[in-house]
Amino acid sequence: MEDLLDQYATYLRSWQARPTTIKARLTLARSRLLAWGVEGFTRGNIEQFLATDANGNERKKWTTSTYYNHLTDFCAFLVAAGRLETSPMDGVRRSKPPSKSPKPLTLSEQTRVLSVVEGEVRDWILIALLSGLRAFEIAKLRGEDFTSEGIYVVGKGDKEATIACHPDLAEMASRYPATGYWFPGGEDGHVRGQQISLTVGRLFRSLGISGSIHRCRHTYGTNLLRQGVNVRVLQRLMRHASLDTTAGYLAVVTDEERDAILKLSA
């Protein structure tokens, strides 16, 4: 089994999957191989697994959607490796993830956080609020990424982009090394994105605020929308391939809806 999983890990790395993706897919593949063996990868077993957990409880939609994607990929690998003739996922109905609800921080929550946080944790939060960077993107920031053109970012799927730099972040750059990682540590030379998420999540909970630093990305998009930024420009700033994805980050409050209606004329 371990040889097969090693081959799968190599397969995942061949399309430059992120380490967290590789770890999650290997974990699920190992658990299903232990439970079923290769011969147990059947449509019936997979549908039962996607429908309920080990205690017979219905799975949450996000979990089902994630497991569906993981199993589709692993079964495709098993076919490519000659371990299965056809993928049992071909007949399994695709699970749609639930719609994403925007969760920006309120102004009161932002004020509460920034009034107590210090040091690099404060800088993590400010970077997220003023650039919309994700935790793993903040973790990899280097002095070289800040240029006259803006902030160079390698995002999901290793997609490269340069986004406009807020003046406050330009000032922050003057306090950090011009070369090398801003937040060193870990095996790769920089702090892990997961550590940033966990640290900020604990801070939020200590202040009675739910969620993690990703809420700052929601806040970034929502604040820009409220300032009248065109949604297509927002899509580019947030580096989304789909406008639908961008919409999932943008909150509209009741007062804004009311103001919009009042602009209409018969």
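## Exercises on a predicted model

Q110 touches L105, L129, T219 and N223, once residues up to four places away in sequence are set aside. Keep that residue in mind, and remember that the model is predicted. The exercises below start from it.

**Exercise 1. Place Q110 in its helix, decide whether Q110 is buried or exposed, and then describe the packing of α6 and α10.**

Step 1. Look up the element: Q110 belongs to helix α5, which spans residues 107-114.

Step 2. Apply the cut-off for buried, under 20% relative accessible area. Q110 has 15% relative accessibility, so Q110 counts as buried.

Step 3. Return to the contacts of Q110, which include L129 and T219. L129 is among the α6 residues that meet α10, and T219 is among the α10 residues on the other side of that contact.

Step 4. Now turn to the helix pair itself. Two packed helices are described by the angle between their axes and the distance between the axes. Helix α6 (residues 119-131) and helix α10 (residues 214-226) pack at about 35 degrees, and their axes lie 7 Å apart. The crossing of this pair is right-handed.

Step 5. List the residues that make the contact. From α6 come I125, A128, L129, L130 and S131, while α10 supplies C216, R217, T219 and Y220. Sorted by class, the contact holds six nonpolar residues, two polar ones and one charged one.

**Exercise 2. Work out the strand order of the open sheet and go through its pairings.**

Step 1. Begin with the general rule. Strands of a sheet pair through backbone hydrogen bonds, either parallel or antiparallel.

Step 2. In this model the open sheet has three strands in the order β1-β2-β3, and the pairing is antiparallel. The edge strands are β1 (146-147) and β3 (160-163), each of which pairs on one side only.

Step 3. Take the pairing of β1 with β2 (residues 150-154), which runs over two bridges. F146 has I151 as its bridge partner in β2, and T147 has G150. The two strands form a hairpin with two residues between them.

Step 4. Move on to β2 and β3, which pair in the antiparallel sense over four bridges. Here V154 stands opposite E160 in β3. The hairpin of these strands has five residues between them, and G157 takes a positive phi near 65 degrees there.

**Exercise 3. Compare N69 and D73 in helix α4 by accessibility and by contacts.**

Step 1. Both positions sit in α4: N69 is found in this helix, residues 61-80, and D73 is found there too.

Step 2. Use the accessibility values. N69, at 27% relative accessibility, counts as partly exposed; D73, at 12%, counts as buried.

Step 3. Read off the contacts, leaving out neighbours within four places in sequence. N69 is in contact with R25 and R94. D73 touches Y8, Y11, L12, W15 and R25. R25 therefore appears in both contact lists.

Step 4. Check the distance to R25. N69 and R25 are 44 residues apart along the chain, and their C-alpha atoms are separated by 9.2 Å.

**Exercise 4. Count the disulfides and examine C75 and C165.**

Step 1. The count is quick: the structure holds zero disulfides.

Step 2. C165 is in no disulfide, and the nearest cysteine sulfur, that of C216, is 17 Å away. A disulfide needs cysteine sulfur atoms within 2.5 Å. C216 is also one of the α10 residues in the contact with α6 from the opening exercise.

Step 3. Finish with accessibility. C75 has 0% relative accessibility and so counts as buried, whereas C165 is partly exposed, with a relative accessible area of 27%.

**Exercise 5. How many helices does the chain have, and what box do its C-alpha atoms fill?**

Step 1. Count the elements: there are 13 helices and three strands.

Step 2. Along the principal axes, the C-alpha atoms fill a box of roughly 60 × 60 × 35 Å.

Step 3. Add the burial figure: 41% of the 266 residues count as buried.

Step 4. Close with the contacts that have a separation of 6 or more. Of these, 60% come from residues 24 or more positions apart.

Note on methods
Residues numbered from 1 in each chain as written. Predicted model: local features only at pLDDT ≥ 70, side-chain atom pairs only at ≥ 80, totals over all residues. Heavy atoms only, no water. Axes fitted to C-alpha atoms, helices over the stretch in contact; angles between N-to-C directions. Left-handed = near helix turned anticlockwise from the far one by under 90°. Contact = heavy atoms within 4.5 Å. Nonpolar A, V, L, I, M, F, W, Y, C, P; charged D, E, K, R; others polar. Pairing = 2+ DSSP bridges. Buried < 20%, exposed > 50% of the residue type's maximum accessible area, 1.4 Å probe, protein only.
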